[in-house]
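Here is a friendly note to read alongside the structure. Take the points one at a time, and find each residue in the model as you go.

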Amino acid sequence: MMKKWWHDKVAYQIYPKSFADTDGDGIGDLRGVISRLDYLKELGVDIIWLSPIYQSPFVDQGYDISDYYRIAEEFGTMEEFDELLEETKKRNMYVLMDLVINHCSDKHEWFQKALADPYGKYAGFFHFVKGKDGKAPSNYRSYFGGSAWEPVPGTDLYYLHMFAKEQPDLNWENPALREEIYKMINWWLDKGLAGFRIDAIINIKKDLDFPSFEPDGPDGLASCVKMVEEVQGVGEYFEDIKRHTFAKYDAFTVAEVFNMKENELEEFIGEDGHFSSMFDFSAHMLAQGENGWYNSRKPSFKEWRDTIFASQMRMQKVGHAANIIENHDEPRGASRFLPEYAQNEAGKKMLATTSLLLYGIPFIYQGQEIGMTNCRRSDISEYDDINTKDQYMEALRAGCSVQQALDCCYENSRDNARTPMQWNGEKGAGFTDGTPWLALNPNYTEINVEEQDKRADSVLNYYRRLTALKKAPAYGETFTYGEFIPDYADQDGGFAYHRKTEDQDILIAANYGTEPCTLKLAGTSAEVLLSNIGNADIRAGEIAEKGTVTLESCEAAVLLLK
């Protein structure tokens, strides 16, 4: 495998609106990010990814961009962004921005010009399509519910929006549109960006016949995903983007990809793939309900573990995946993936251990490193997220009670990850001196950076030790390029795998069960590199005496086998 500069890095996602507010308006800002760079450096972070900070009406929290060349006033100025780039470079850190190019905002100049002249040049930047029999061109349901088509005022045309109606889809068939997008991407890379996280990119290829499909719900609509899955040739666009932009700068690109066809993995992230990496959502997909959050399910531990193992075996043959426990679109991993008895500090450290040492590039989401959790709300009005509100109504229409619908939101809402960062236990959680844009999780008084920074056995300090171990010169090659080999799969609650090179064999072993779990080790001895509950000396003694390691419930250990 050709070695790349990003292979051995640890990445951290910042949701700027909820990270750190320095001007008291309740909204995080770039000055807040700058103020926390030393904290991130100490955590072991190399790459920071900023969720969208472009000018936006914030219908979908910045994923509706009205000007790709401007920083939203809520976040600061372009001068502050340039300062952020300079400060990260001083610390040998890199910055990724979010690249949202499947759609823009309906307030973008292009779309406003398209509405003003629905048959002119800028209408060609979008999908303006004639209706059929006075109705929408096809029966697509948008990702956020309702028809994916919206009438163009004063015409018999409709425009396509696979997300909110305020997010019209861009027409990638149009060379003039592509030229504008490439110019914009290169403008940011010229500034010194290290690359991009690429949003919803699989959606850019459309079947321009826009065929209807068999309805998959009582609304008579079919998910727009069906069209995405049926259409061919999206890779040609990806190669075109790469050739005109990313490849010129050796940029790191990590794609958000769903609905990829089975045989396309190597094309996407192989040696000369479209992207440097892509997020592994395989475990997250297990919880998805067929019709929505109201019939989502909790996979068994074995199903979850085996899904991760299967994905690792598949990914490592091709390239470096981006591994996540949570992100801005998912609930908190500690609440989703840990059984109730393990939703404590030992369990959170265990989850970190089994995730961060997988083959691939770990992405930590803000607050994950202190074990932030889902936040229960008492009324739907307390949520901000557009998708949560849609799923709440969907649950009510399906016959759920108000409390059942709220329970669905507690388990699945994107707002769980968007509550402000919990820096301390004082009013505003150290996030703001004002009123936070989204109410804090009440547990900030117990779970916060300040408290954990002072306590050696905290989740935060464990994350610091874990990233340091991953990048330690003695083991970095194994944790970056070592083969992933599952082991002890027959142990109830056992989550164990090796990272192995010709010279080293490191076993990562954890016990997600309720009863102690004893593993017979291969070889004559082992060195305990890390233990999440401080049992290194005890475990070393047991290994030396018996050649076994016994893990208590919620215990994880990293062992150098000899």
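1. **Aromatic pairs.** This is a predicted model, and the count of aromatic pairs in it comes to 48. Start with W6 and F252, which form a tilted pair: their ring centres are 5.4 Å apart, with 40° between the planes. W6 belongs to the segment before β1 (11-14), while F252 sits in strand β12 (residues 252-255), so this pair ties together parts that are 246 residues apart in sequence. Are these two rings buried or exposed? W6 counts as buried at 5% relative accessibility, and F252 is buried as well, with a relative accessible area of 0%.

2. **Another geometry.** Now look at F495 and Y497, an aromatic pair of the edge-to-face kind. Their centres are 6.1 Å apart and the angle between the planes is 65°. The label follows from that angle, because planes over 60 degrees apart count as edge-to-face. Both F495 and Y497 are buried.

3. **A cluster of rings.** Which residues join into one aromatic cluster? They are Y54, Y68, Y69, F81, W110, Y122, F125, W187 and W188. Try colouring these residues to see the cluster in the model.

4. **Charges over rings.** Two arginines are worth a visit here. R36 lies over the face of W423, at 3.7 Å from the ring centre. R376 is placed over the face of Y410, and there the distance to the ring centre is 3.8 Å.

5. **Helix α11.** This helix covers residues 301-316, which makes 16 residues. From its first C-alpha to its last it reaches 22 Å, close to the 22 Å expected at 1.5 Å a residue. Which residues of α11 are buried? The buried ones are W304, R305, T307, I308, F309, S311, Q312, M315 and Q316. Keep α11 in view for the next two points.

6. **The second largest pocket.** Its volume is about 520 Å³. The lining is made of 23 residues, and those closest to the centre of the pocket are K298, S335, R336, F337 and L338. Helix α11 is one of the elements that give two or more residues to this lining, along with α12 (333-337) and α15 (402-412).

7. **Cavities.** Rolling a probe the size of a water molecule over the atoms shows where empty space is left. How many cavities of 30 Å³ or more are there? The count comes to four. The largest cavity holds about 170 Å³ of space. It is lined by 15 residues, and A283, I308, I324, S355 and L358 lie nearest its centre. The elements giving two or more residues to the lining of this largest cavity are α10 (282-285), α11, β14 (322-324) and α13 (345-356). I308 deserves a second look: it is one of the buried residues of α11, and it is also among the residues nearest the centre of the largest cavity.

8. **Cysteines without partners.** A disulfide is a covalent bond between the sulfur atoms of two cysteines. In this model the count of disulfides is zero. Why is C375 not bonded to C409? The closest cysteine sulfur to that of C375 is the one in C409, but the two are 12 Å apart, too far for a bond. The cut-off is 2.5 Å between the sulfur atoms. C375 counts as buried, at 2% relative accessibility. C554 is in no disulfide either, since the nearest cysteine sulfur, in C517, is 12 Å away. C554 is buried too, at 5% relative accessibility.

9. **Positive phi angles.** Two residues other than glycine have a positive phi here: Q61 at about 50°, and D133 near 55°. Q61 is in the loop between β3 (54-55) and β4 (67-71), where it is buried with a relative accessible area of 6%. D133 is in the loop between β6 (128-130) and β7 (140-141), and this residue is exposed, with a relative accessible area of 79%.

10. **One last loop residue.** Where is Y341 found? Its place is the loop between α12 and α13. Y341 is partly exposed, with a relative accessible area of 39%. The C-alpha atom of Y341 is separated by 27 Å from that of T388, and the two residues are 47 residues apart along the chain.

Methods
Residues numbered from 1 in each chain as written. Predicted model: local features only at pLDDT ≥ 70, side-chain atom pairs only at ≥ 80, totals over all residues. Heavy atoms only, no water. Phe/Tyr/Trp six-rings, centres within 6.5 Å; stacked < 30°, edge-to-face > 60°. Helix = DSSP H or I, 4+ residues; strand = E, 2+ residues; numbered from the N terminus. Buried < 20%, exposed > 50% of the residue type's maximum accessible area, 1.4 Å probe, protein only. Lys NZ or Arg CZ within 6 Å of the ring centre and 35° of its normal. Expected span 1.5 Å × (residues − 1). 1 Å grid on protein atoms, 1.4 Å probe; cavity = no way out; pocket = protein on both sides within 12 Å on 5 of 7 lines; lining within 4 Å. Points joined across faces, edges and corners; volume = space filled by probe spheres on them.
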